[in-house]
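Welcome! Here is a short set of notes to read with the model open beside you.

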Amino acid sequence: KLRAYDQRDDRAFDDLVMLASMVCEAPIALVSFVDDEEQWFRAKTGLMIDRTSREVAFCARTVDAGVTTIVPDARIDPRFAANPLVTGEPHVRFYAGVPLRVGGSLPLGTLCVLDRVARTLRPEQLAGLEALARQVERLLRLQVTTAARIRDQAALIERDARFASVIDALAQGVVVHAVDGSIERANPVAQQILGLSEAE
């Protein structure tokens with residue numbers, strides 16, 4: 001289900017993680033999605049990997065808590081001290097993540113920033129990160145709405161094509177008109193009977 005949001009067709013998400021990195025003065029920023037098994041990144045800056053297991057994902061804690069999560073120093077936090085992302089590359093010390101909600105109450109991922117030194121966010125940086133997370137949520141909603149409209153439009157085109165093929169195959173003359181009386185379609189038999197083309 002989360003894969004519906006994982007489309008890499010524009011740079012808007014990349015721009016937002018770049019802004020998050022700049023606002024929070026953090027070398028790493030991510031839009032992450034978290035499911036039952038793994039975490040993967042819809043957009044990222046400052047990190048080479050594309051995914052991690054859920055069990056080592058800082059963002060999984062944010063998703064589970066459903067609130068903004070800040071870890072000032074992961075090396076002394078018992079939840080993360082033995083985490084391979086802390087003890088090895090990318091040597092995470094600081095983490096701040098804002099949960100992303102798109103319909104329903106359960107978060108599907110986060111907008112987060114990470115650093116390799118222990119620190120925290122200034123109030124204005126936290127406010128900026130949360131504002132950017134709201135923009136990520138809006139983009140995700142727009143993405144889903146647009147995809148649904150495209151599917152609906154394709155279904156209507158397919159339905160109209162089936163209707164037209166049935167009308168054209170009838171042995172009777174059929175003229176279809178709109179509520180205002182304008183003619184929308186005339187099958188070949190109707191055109192022959194009336195001696196008019198469909199356009200006429």
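The points below go from the overall layout to the cores and then to the salt bridges.

1. **What you are looking at.** Please keep in mind that this is a predicted model. The protein has 5 helices and 8 strands. If you walk along the chain from the N terminus, the elements come in the order α-β-β-β-α-β-α-β-β-α-β-β-α.

2. **Inside and outside.** Of the 200 residues in the protein, 42% count as buried. The exposed area is about 11,500 Å², and 57% of it is supplied by carbon and sulfur atoms. Contacts across the sequence are worth a look too: among those with a separation of 6 or more, residues 24 or more positions apart account for 52%.

3. **The largest nonpolar core.** A good place to start is the largest nonpolar core, which has 25 residues. The residues with the most contacts inside this core are L111, V113, L129, V136 and L140. Two or more residues each come from α1 (12-24), β1 (28-34), β2 (38-45), β5 (94-100), β6 (109-115) and α4 (123-169). Another core, of 20 residues, lies apart from this one, and its members include I28, L47, V56 and A57.

4. **V113 up close.** Which residues does V113 touch, leaving aside those up to four places away in sequence? The list has A20, S21, C24, A26, I28 and A29, then F94, Y95 and A96, and finally L129.

5. **A salt bridge between strands.** The structure holds 8 salt bridges. In one of them the side chains of E38 and R51 meet, with 2.9 Å from N to O. Because E38 lies in strand β2 and R51 in strand β3 (residues 51-53), this pair ties together parts that are 13 residues apart in sequence. R51 has a relative accessibility of 41%, so R51 counts as partly exposed.

6. **Two further pairs to compare.** K44 forms a salt bridge with D50, and their closest N and O atoms are 2.7 Å apart. Are these two partners buried or partly exposed? K44, at 27% relative accessibility, counts as partly exposed, and D50 is partly exposed with a relative accessible area of 44%. R119 and D115 also form a salt bridge, their closest N and O atoms being 3.1 Å apart. Here R119 is buried, and D115 is buried as well.

7. **A small network.** To finish, find E25, R122 and E124: salt bridges with shared partners join these residues into one network.

Terms used
Residues numbered from 1 in each chain as written. Predicted model: local features only at pLDDT ≥ 70, side-chain atom pairs only at ≥ 80, totals over all residues. Heavy atoms only, no water. Core = buried A, V, L, I, M, F, W, Y, C linked by side-chain atoms within 4.5 Å. Buried < 20%, exposed > 50% of the residue type's maximum accessible area, 1.4 Å probe, protein only. Helix = DSSP H or I, 4+ residues; strand = E, 2+ residues; numbered from the N terminus. Contact = heavy atoms within 4.5 Å. Salt bridge = Lys/Arg side-chain N within 4 Å of Asp/Glu carboxyl O. Areas by Shrake-Rupley, 256 points an atom, 1.4 Å probe, with all protein chains shown as cover.
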